[in-house]
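Subject: structure handover

Hi,

Here is the structure I said I would pass on. Have a look, and my notes follow underneath.

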Amino acid sequence: MANHSINRESMNTVEDWVILLKLRESEFNGLEYSTLQEKYVLILATRISELCLDTVLLLNQNRISSAPIILRTALESYADLSSCITDPTYWEQLTKSLYWQLHEVSKGVNTERAEHYKSIGKYLSVNKRFSKAGLSGLFNGYYKALSLHSHGNLSSLIEFHSNDSNAYLGTISDDDKTIEYFEQATNLLALCLRDTWEFFEISQQGIQEAQRIIDKINKTHNKSIHSTSDASAD
């Protein structure tokens, strides 16, 4: 990655990232759907993989301050992907959630349209989305840490844009933080590809490679993103 010293472990992650991109192209690109559940699984997995790629492209340009914001969005989509895979009707909740959001953005512009969206929509909180996916622990942990950057928390502004008495254009960061975000993007890409291949019952090679990468990152990093069961899911 540009402008950063990379140790042997990180170089291995770069190699794993390249493997995932190649598998994404050969084993994921071009998949077709026949049901609405399959459609939502595919578009969510595509979104997650694109956001992970966007994160790494920013990191490669030393634009680290936006990386946690994109990872946070990708993490929300991963929660939805997990629920779409386990619940064939979850796409209906996502659709109603979209209509509710359209209600929110329309009510100050077109009252009639806003009321229509409200009648067919239903609010779905981020907390409930993670709970439904069995990922409440992830929501209360790493997701909230990423949210500090998304909402302009003072600590993140200081971390990335100031040093002593100076404020900086661009970003100040150390190699460890850049590598952390890179590894999380790699881990999340591996998770979404693995889960999608398992759902469509294809690409044993892809599943095995993705699982190998997930296991390696989770073994060395306590904050790694991983799917866990959650008794509070409903």
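Cysteines to begin with: the disulfide count is zero, taking a disulfide as a pair of cysteine sulfur atoms within 2.5 Å. Before the rest, some housekeeping: this is a predicted model, in which local features need pLDDT of at least 70 and side-chain atom pairs count only at pLDDT 80 or more, while totals for chains, interfaces and linings use all residues. Residues are numbered from 1 along each chain as its sequence is written, and side-chain values use heavy atoms, with hydrogens and water left out.

Why does Cys192 have no bond to Cys52? The sulfur of Cys52 is the closest cysteine sulfur to that of Cys192, but at 6.2 Å it is too far for a bond. Cys192 is also buried, with a relative accessible area of 0%, and Cys84 is buried too, at 1%. Buried here means under 20% relative accessible area, exposed means over 50%, and partly exposed is in between (1.4 Å probe, protein chains only).

Now the overall picture. The protein has 10 helices and two strands, where helices (H or I, at least four residues) and strands (E, at least two) are DSSP runs numbered from the N terminus. In order from the N terminus, the elements go α-α-α-α-α-α-α-α-β-β-α-α. Of the 234 residues, 43% are buried. Taking contacts between residues at least 6 apart in sequence, 74% join residues at least 24 apart; a contact means heavy atoms within 4.5 Å.

Two helix pairs caught my eye. Helix 9 (residues 175-200) packs with helix 10 (residues 204-220) at an angle of about 145 degrees, the axes being 9 Å apart. Axes are lines fitted to C-alpha atoms, for helices over the stretch in contact, and angles run from 0 to 180 degrees between N-to-C directions. The crossing of helix 9 and helix 10 is left-handed, that is, the near helix is turned anticlockwise from the far one by less than a right angle (clockwise would be right-handed). Helix 9 contributes residues including Ala190, Leu191 and Trp197, and helix 10 residues including Ile207, Ile213 and Ile217. By class, this contact has eight nonpolar, five polar and three charged residues. In that scheme Ala, Val, Leu, Ile, Met, Phe, Trp, Tyr, Cys and Pro are nonpolar, Asp, Glu, Lys and Arg are charged, and the others, Gly among them, are polar.

The other pair is helix 3 (residues 67-86) with helix 7 (residues 136-150), packed at about 145 degrees with axes 8 Å apart. This crossing is left-handed. Among the residues in contact are Leu71, Arg72 and Leu75 of helix 3 and Tyr142, Tyr143 and Leu146 of helix 7. The contact of helix 3 with helix 7 divides into eight nonpolar, three polar and two charged residues.

A few single residues to finish. Ser49 lies in helix 2 (residues 36-60) and is buried, at 2% relative accessible area. A polar atom of the Ser49 side chain is 2.9 Å from the backbone oxygen of Thr46. Leaving out residues up to four places away in sequence, Ser49 touches Arg24, Leu189 and Cys192.

Ser82 is in helix 3 and is buried, with a relative accessible area of 12%. With the same sequence neighbours left out (up to four places away), Ser82 touches Ala133, Leu135 and Asp195.

Arg113, in helix 5 (residues 111-120), is partly exposed at 47% relative accessibility.

Cheers

Key. A polar contact is a pair of N or O atoms within 3.5 Å; within protein, one must be able to donate a hydrogen and the other to accept it, and residues adjacent in sequence count only if both atoms are side-chain atoms.
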